[in-house]
Amino acid sequence: MVAGSWGGGEPDSTAADFAERLLEVIDSGRRTATYKLALLMALLDLCARRSGLDGRAPGVLYTREIAERIAAIYWPHMMPYRRGPTVIELRQITAQRSAITGAVLEFRRAAQAAGVTSLSRARQRLPGGYAQMLDRVEVAVAEQPLPRLQTVGSTEQALSFLYDID
């Protein structure tokens with residue numbers, strides 16, 4: 001579970017302070033893959049989707065729903081790119097396959113074998129495979145980008161202004 005003020009910070013903080021911290025995370029945060037950026041996109045999307053009638057972001061987001069959004073973000077990018085006879089697949093790190101992209105790619109291949117190309121139909125037609133893929137994505141998100149998103153600089157300083165992990 002991830003809880004936070006989602007941009008409110010301390011009561012006396014301003015929107016400019018929030019934006020400055022967010023830009024610092026984006027600009028100087030260490031990234032060996034795009035997991036941090038995908039996580040940030042997922043958090044923004046979930047906060048927008050689940051905001052209250054007063055416009056406030058939700059007080060709690062669960063890692064499962066974050067994993068669902070991240071899988072949806074990566075889904076279209078996992079389609080192989082063909083360059084002549086060569087097939088190229090998305091790689092994010094120097095290792096052969098990263099955990100999140102590997103899980104999404106494996107499920108996408110299973111979906112294509114079942115004659116499905118959209119994530120929503122794949123989830124309906126292959127619910128067990130979808131759940132397994134989400135399990136893998138959720139664990140990877142909880143281990144990697146979630147605790148590190150708010151870490152910036154060479155000293156690995158954490159700026160806990162977006163959320164707290166419970």
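A pocket, in the sense used on this tour, is an open set of grid points where a 1.4 Å probe fits, with protein on both sides within 12 Å along at least five of seven lines. Keep that definition in mind, and remember throughout that the structure in your viewer is a predicted model.

**The whole chain**

Begin by colouring the chain by secondary structure, where you should find seven helices and seven strands. Reading from the N terminus on, the elements follow the order β-α-α-β-α-β-β-α-α-α-α-β-β-β. If you then colour by accessibility, buried residues account for 36% of the 166 residues in the chain.

**The second largest pocket**

Next, select L46, R49, E65, E68, R69, A72, L119, S120, R123 and Y130, which together line the second largest pocket. The elements that each give two or more residues to this lining are α2 (35-49), α3 (63-74) and α5 (119-125). Which of the elements gives the largest share of the lining? That share comes from α3, which supplies four residues. The space in this pocket is about 160 Å³, and when its lining is sorted by class there are four nonpolar residues, one polar residue and five charged residues.

**Helix α2**

Stay with α2 and select the whole helix, which has 15 residues and reaches 21 Å from its first C-alpha to its last, close to the 21 Å expected at 1.5 Å a residue. Several of its residues are buried, among them Y35, K36, A38, L39 and L40, and L46, which you have already met in the pocket lining, is buried as well.

Now pick out L43, which is also found in helix α2. Is L43 buried or exposed? Its relative accessible area is 4%, and because a residue counts as buried under 20%, L43 is buried. From L43, draw a distance to E65, a residue of the pocket lining: L43 and E65 are 22 residues apart in sequence, while their C-alpha atoms are 9.5 Å apart in space.

**The aromatic rings**

Turn now to the aromatic side chains, for which a search of the whole structure finds three pairs. Select W75 and F107, whose ring centres are 5.8 Å apart and whose planes meet at 55°, so that this pair counts as tilted. W75 lies in the loop between α3 and β3 (81-83), whereas F107 belongs to helix α4 (residues 99-113), so the pair ties together parts of the chain that are 32 residues apart in sequence. Both W75 and F107 are buried. If you add Y130 to the selection, you will see the cluster into which ring pairs link W75, F107 and Y130.

While you are looking at α4, select V104, which has its place in that helix. V104 is buried, with a relative accessible area of 0%. A distance drawn from the C-alpha of V104 to that of P76 should read 9.8 Å, although these residues are 28 residues apart in sequence.

**Helix α6**

Y130 leads on to helix α6 (residues 127-143), a helix of 17 residues that reaches 24 Å from its first C-alpha to its last, close to the 24 Å expected at 1.5 Å a residue. The buried residues to select in α6 are Y130, M133, L134, V137, E138, A140 and V141. Where do these buried residues fall when α6 is seen down its axis? They fall within an arc of 165°, so they line one face of the helix. Rotate the view to the face of α6 turned away from this buried side, and you will find the exposed residues Q132 and E143.

**A last stop in strand β4**

Finish at I88, which is found in strand β4 (residues 86-88). I88 is partly exposed, with a relative accessible area of 34%. As a closing step, draw the distance between the C-alpha atoms of I88 and M78, which are ten residues apart along the chain and are separated by 9.9 Å.

Terms used:
Residues are numbered from 1 along each chain as its sequence is written. This is a predicted model: local features need pLDDT of at least 70, side-chain atom pairs count only at pLDDT 80 or more; totals for chains, interfaces and linings use all residues. Side-chain values use heavy atoms; hydrogens and water are left out. On a 1 Å grid over the protein atoms alone, a cavity is a set of points where a 1.4 Å probe fits but cannot get out, and a pocket is an open set with protein on both sides within 12 Å along at least five of seven lines; lining residues have an atom within 4 Å of a point. Grid points are joined across faces, edges and corners, and a volume is the space filled by probe spheres set on the points. Ala, Val, Leu, Ile, Met, Phe, Trp, Tyr, Cys and Pro count as nonpolar, Asp, Glu, Lys and Arg as charged, and the others, Gly among them, as polar. Rings of Phe, Tyr and Trp (its six-membered ring) pair if their centres lie within 6.5 Å; planes under 30 degrees apart count as stacked, over 60 as edge-to-face and the rest as tilted. Buried means under 20% relative accessible area, exposed over 50%, partly exposed in between (1.4 Å probe, protein chains only). The expected span of a helix is 1.5 Å times one less than its number of residues. The arc is that of the directions from the helix axis to the C-beta atoms.
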